[in-house]
Amino acid sequence: MKNIARPIGFGLALAVAAAMPLTALAHGDVTPQVVDTKSLPALGDKMKDENPYRGNKEAIRIGTSAYAQNCARCHGLEAISGGIAPDLRQLDRDCMTQKIETKKAACFKENDEYYMSSVLKGKVRNGAVYMPPFQGILNQEAIWAIKAYLDTTRLAPGAK
C-alpha cells in the first residue's frame, strides 16, 4: 500500500500544479517598491533618451537595490535570468562588439531608448502582459539608476 501512495500523491501534486495559473508559479502578485532617488541629481520632467547616470557610483548603488526590489523576481538575482524573462546582462551585448567608438556610442544610446521605452510601457503581446508598465510608478531617476546598475552586470562578448 505504501508503494501505491507515493505515485498517487505525486500525481495529485502534479495535477494541482498544472491547474494553478502560471503567474502564481512565476512570481505571484507583485507590488512595485518605491525607490529613494533624493541623493541623485534631478533629471526633470522631460524623459532623457540616454542614461545620464552611466558610471555614477551613487546611481549604481541605488539601482542595485531598486533592481533587487522591482526587477529580480522576474529577471533574476544579479540580472541572471532563470528563464522567466530576458537575461538583462545581455541587453546591449551587440554594442560591445562595435569597433568604431561613434558606432558604439550610438548603439548604447539606441539601447537606452529601447530600455526606457520597455520599462515605461511594459511588454504586452496579444493582450498578455509579459512585463508590467512602470510609467507613473518609478521616476526617471530610478529607471536610469537601475540601468546604471545593469551596465555593471554586462557580459563580455561571447560569454554565456
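**Entry 1. Elements of the chain**

I took helices (H or I, at least four residues) and strands (E, at least two) as DSSP runs, numbered from the N terminus. I worked throughout with a predicted model. On that basis I recorded seven helices and two strands in the protein chain. I then read the order from the N terminus, which is α-α-α-α-α-α-β-β-α.

**Entry 2. Cover and contacts**

I looked up how much of the chain is buried, and found that 32% of the 160 residues are. The exposed surface of the protein chain comes to about 10,500 Å², and carbon and sulfur atoms supply 59% of it. For contacts between residues at least 6 apart in sequence, I noted that 62% join residues at least 24 apart.

**Entry 3. The two strands**

I turned next to strand S1 (residues 123–125) and strand S2 (residues 128–131), which run antiparallel and are joined by three bridges. Within this pairing I found valine 124 opposite valine 129 of S2. The two strands form a hairpin, with two residues between them. I also examined arginine 125, whose charged end sits over the ring of tyrosine 130, 4.4 Å from the ring centre.

**Entry 4. Positive phi angles**

Which residue in the turn of the hairpin has a positive phi? I found that it is asparagine 126, with a phi of about 55 degrees. This residue belongs to the loop between S1 and S2, and it is not a glycine. I checked its cover as well: asparagine 126 is exposed, with a relative accessible area of 81%.

I recorded glutamate 78 in the same entry, since it also has a positive phi of about 55 degrees without being a glycine. Glutamate 78 lies in the loop between helix H4 (72–75) and helix H5 (93–96). Its relative accessible area is 55%, so I entered glutamate 78 as exposed, the cut-off for that word being over 50%.

**Entry 5. Helix H7**

I tested the length of helix H7 (residues 140–152) against expectation. At 1.5 Å a residue, its 13 residues should span 18 Å; the end C-alpha atoms are 19 Å apart, so I noted agreement.

Is H7 mostly covered or mostly open? I found that H7 is mostly covered, as twelve of its 13 residues are buried. Among the buried residues I listed Ile143, Trp144, Ile146, Tyr149 and Leu150, and the list also includes Glu141, Lys147 and Asp151. I then asked what covers the buried residues of H7. The cover includes helix H3 (57–70) and helix H6 (101–121).

**Entry 6. Aromatic pairs**

I described each pair of rings by the distance of the centres and the angle of the planes. My count came to two aromatic pairs. In one of them, the rings of tyrosine 67 and tyrosine 149 have centres 5.3 Å apart and planes at 45 degrees, so I entered this pair as tilted. Because tyrosine 67 lies in helix H3 and tyrosine 149 in helix H7, the pair ties together parts that are 82 residues apart in sequence. I noted that tyrosine 67 and tyrosine 149 are both buried.

The rings of tyrosine 115 and tryptophan 144 have centres 6.0 Å apart and planes at 40 degrees, so this pair is tilted too. I placed tyrosine 115 in helix H6 and tryptophan 144 in helix H7; this pair links distant parts of the chain, 29 residues apart. Tyrosine 115 and tryptophan 144 are both buried.

Key: Residues are numbered from 1 along each chain as its sequence is written. This is a predicted model: local features need pLDDT of at least 70, side-chain atom pairs count only at pLDDT 80 or more; totals for chains, interfaces and linings use all residues. Side-chain values use heavy atoms; hydrogens and water are left out. Buried means under 20% relative accessible area, exposed over 50%, partly exposed in between (1.4 Å probe, protein chains only). Contact means heavy atoms within 4.5 Å. Accessible areas come from the Shrake-Rupley method with a 1.4 Å probe; for residues, only the protein chains shown count as cover. Two strands pair if DSSP finds at least two bridges between them. The expected span of a helix is 1.5 Å times one less than its number of residues. Rings of Phe, Tyr and Trp (its six-membered ring) pair if their centres lie within 6.5 Å; planes under 30 degrees apart count as stacked, over 60 as edge-to-face and the rest as tilted. A charge sits over a ring if NZ of Lys or CZ of Arg is within 6 Å of the ring centre and within 35 degrees of the ring normal.
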